[in-house]
Amino acid sequence: WDMSDNSFVTTLRGHDNCVTSLTAFEKDGCSYLASGEGYNITQNVIRIWDLEKATCVHILTPSSDFVPSLVSYTKKEIILDGPKNKANSLPYRQRHLPTLGTEHHQEPFLKHKQKVYLASGTDFGSIELWDLDTLNVIETLRGHESEVYALEVYYHDHHINHHTTTAKSTPHLISAGDHIKIWSLEDYSLLT
């Protein structure tokens, strides 16, 4: 559906059973939709759809019989990149990082990248966290005793100290099953 004028756009076809969960996200300037299905006789899947092309571009295989909940989230990753002319503008400890494969011993520089992840609830109480670059599960969170039927992400700002307004936005995952739980998506620990 086109929400600007409430008109029908297209139908995404490919699931063998009912769709039980959806989440939309942006990645590398494109719009995507992840959809999970329920109780497939052969193999349950999560499909990743390119919304511009209206095609399924990836299929993920979760460990549960159905996917009751999905949510996408982003984390800012710091990556080491190639040489930079203004490396001296970096803090001392960053200027003196070892170089990787540079023959001219040029200083590397740090670059920020927004990475997109997917969390999928299971029918047996765990949550699988997917890296959408590698399409692999990077962590499984365990703590519920029954179906994880709802997931939501919120970003909590941690202030460096009370003298500054500089903040780091940290993603947290809220899951609902037998209880409501809050997880850190930095170190994957259970907070409550």
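## Ile127 and the largest nonpolar core

Setting aside neighbours within four places in sequence, Ile127 contacts Ala119, Ser120, Glu139, Thr140, Leu141, Val148, Leu151, Leu173, Ser175 and Trp183. The model behind these contacts is predicted.

Ile127 belongs to the largest nonpolar core, a set of 13 residues. Within this core, Tyr73, Ala119, Ile127, Leu129, Leu151 and Leu173 touch the most other members. Four strands each supply at least two of the core residues: E5 (70-83), E6 (108-121), E7 (126-131) and E9 (150-159). In soluble globular proteins, nonpolar side chains tend to be buried together.

## A second core

The chain also holds a second core, separate from the one around Ile127. This second core has 12 residues. Among them are Tyr32, Ala34, Ile46 and Ile48.

## Overall fold

The chain is built from 11 strands and one helix. In sequence order the elements run β-β-β-β-β-α-β-β-β-β-β-β.

Of the 192 residues in the chain, 36% are buried. The exposed surface of the chain comes to about 11800 Å². Carbon and sulfur atoms account for 51% of that surface. Contacts also span the sequence: of those between residues at least 6 apart, 46% link residues at least 24 apart.

## Asn44, a polar residue in a loop

Asn44 sits in the loop that connects strand E2 (30-37) to strand E3 (46-50). Is Asn44 buried or exposed? Asn44 counts as buried because its relative accessibility is 3%, and the cut-off for buried is under 20%.

What does the Asn44 side chain meet? One of its polar atoms lies 3.4 Å from the backbone oxygen of Ser64. Ser64 is also on the contact list of Asn44, which leaves out residues up to four places away in sequence. That list runs: Glu37, Gly38, Leu60, Thr61, Pro62, Ser64, Asp65, Phe66 and Val67.

## Cysteines and disulfides

How many disulfides does the structure hold? The count is zero. A disulfide is a covalent bond between the sulfur atoms of two cysteines.

Cys30 has a relative accessibility of 28%, so Cys30 counts as partly exposed. Cys56 is partly exposed too, with a relative accessible area of 28%. Both values fall between the limits of 20% for buried and 50% for exposed.

Methods. Residues are numbered from 1 along each chain as its sequence is written. This is a predicted model: local features need pLDDT of at least 70, side-chain atom pairs count only at pLDDT 80 or more; totals for chains, interfaces and linings use all residues. Side-chain values use heavy atoms; hydrogens and water are left out. Buried means under 20% relative accessible area, exposed over 50%, partly exposed in between (1.4 Å probe, protein chains only). Contact means heavy atoms within 4.5 Å. Accessible areas come from the Shrake-Rupley method with a 1.4 Å probe; for residues, only the protein chains shown count as cover. A polar contact is a pair of N or O atoms within 3.5 Å; within protein, one must be able to donate a hydrogen and the other to accept it, and residues adjacent in sequence count only if both atoms are side-chain atoms. A nonpolar core is a set of buried Ala, Val, Leu, Ile, Met, Phe, Trp, Tyr and Cys residues joined through side-chain atoms within 4.5 Å. A disulfide is a pair of cysteine sulfur atoms within 2.5 Å.
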